[in-house]
Amino acid sequence: FFFQPTSNRHCSHMVIIPRLLLSIAAVAPTNGVAAFAFGTRLTGNVIKRAHRMNSSNTSTSTCLTATTGKEICETTMTEQGKSSILCTVPEIDSKSSLWSDVAINAAKQFTISQRQKLYDLGALDVHRSVQIVGECVTKECSLGDCVLDDGNDEKSDKDDSFSTATSTSDTKIIHFQRHGQGYHNLICDMWREAGKPIDFDSSDPNLNPVVRPEFLDPPLTALGMQQCSSQRGLCAGLNPELVIVSPMLRCIQTARLSFRDHRNDVEGREVPWVSHEGCREELGLLQGNKRRTIDEIQADYPDIDFSPIKHNEDVLWNEYGTRRETLMEKSERIYSFLTEYVRSRPEKEIAIICHSAYLFTLLNAVMDVEKEELRSWFLTSEVRSLKMTFVNREEGTAK
């Protein structure tokens, strides 16, 4: 599977259509439309723009529809091999429109299935020397709205919560964000929409598309970038003293879009940006979780500090090879990251941009969190704020 850009000099956009989809559409009835949903719910007004190219015959043999984050582009092929493209642009008019029903339902199913896996492995009852307690910092916590917002009318109440949260040296406010939709998320959503199950433990690309080498360190889709840009206003109201990002491209792109008002190159801001392997997604097997070399990444993002990462090559991923990092192994990696790195940082308010399976394990198997809205599976680009307190169990109090 790979992505084949198709464009025309008469068009002001580029349509990216997986060649695999074209082969699927080829077997569709000639008078039908092969519709591919790319994970966006269409709400609000629709602005239509027509792009016509070399259309000399209205008799059609194939009609393809591809939906990107900003445009729905329908390509009609004539019997003479000519084509016509008609694109429509949906206007997003609510936060819930950032996520498709397929994505929301998948998150609900993952919440159930992954928690059961953690329970079966005994990962929910591991006793560690340092207890990490997570608490909500807002009165209300719902889909896409579980964030400490300084611009809210209840600011005074939240200020009191923030003051209480940071009253000890071992308590911090953490803003967790999952990356926006990546191309690996896109193909998985498409498989689900087609009713095709995915076996993430399989090395067979016919059963698990994310093992294909073309998915190495995938970037955000157009929808993913739109999702992250839409979170900018929310993130601008936060006050992180440090931004920590996974070294995966989709997370760096997410942070640059959502937390762009907290970048070092913004006048008056001196917020350090650091990349750490402790907050990257699970290791092994899945090419979508394998990173590029640090030299390559740093050449693209010289303003980010990659010094906490020891190896230029992806040694961590390579050590697992054809097997996935287990949930218990991932839990211990997360625990070490939080207790050895995050806890030792002097900053009291930190943004961490990372991944869904990582966050679910963190909030269910590593931290003690009671509020279900905090523990559920993150949607793409979603941001949640919480108060994190480290407690030495032998002492029973925060340090």
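**Exercise 1. Which residues form one aromatic cluster?**

Solution. This is a predicted model, in which local features need pLDDT of at least 70 and side-chain atom pairs count only at pLDDT 80 or more, while totals for chains, interfaces and linings use all residues. Residues are numbered from 1 along each chain as its sequence is written, and side-chain values use heavy atoms, with hydrogens and water left out.

The cluster consists of Phe110, Phe360 and Trp377. Rings of Phe, Tyr and Trp (its six-membered ring) pair if their centres lie within 6.5 Å, and planes under 30 degrees apart count as stacked, over 60 as edge-to-face and the rest as tilted.

**Exercise 2. Determine the geometry of the aromatic pairs Phe337 with Tyr341 and Phe360 with Trp377.**

Solution. Step one: the search of the whole structure gives 3 aromatic pairs. Among them is the pair of Phe337 and Tyr341, which is stacked, at 6.0 Å centre to centre and with 15° between the planes. Because these two residues are 4 residues apart in helix H10, about one helical turn separates them; helices (H or I, at least four residues) and strands (E, at least two) are DSSP runs, numbered from the N terminus. Both Phe337 and Tyr341 are buried, a term that means under 20% relative accessible area, with exposed over 50% and partly exposed in between (1.4 Å probe, protein chains only).

Step two: the ring centres of Phe360 and Trp377 are 5.4 Å apart and their planes stand at 40°, so this pair is tilted. Since Phe360 lies in helix H11 and Trp377 in the loop between helix H12 (372-375) and S14, the pair ties together parts that are 17 residues apart in sequence. Phe360 is buried, with a relative accessible area of 2%, and Trp377 also counts as buried, at 9% relative accessibility.

**Exercise 3. Locate Leu338 in the nonpolar packing and list its contacts.**

Solution. Step one: a nonpolar core is a set of buried Ala, Val, Leu, Ile, Met, Phe, Trp, Tyr and Cys residues joined through side-chain atoms within 4.5 Å. The largest such core has 31 residues, and Phe176, Leu338 and Ile352 are those with the most contacts inside it. Helix H10 gives the most to this core, with 6 residues.

Step two: leaving aside residues up to four places away in sequence, Leu338 touches Ile132, Arg343, Leu362, Val366, Met367, Met388 and Phe390, where contact means heavy atoms within 4.5 Å. Apart from this core lies another, of 22 residues, including Leu234, Val243, Ile294 and Ile297.
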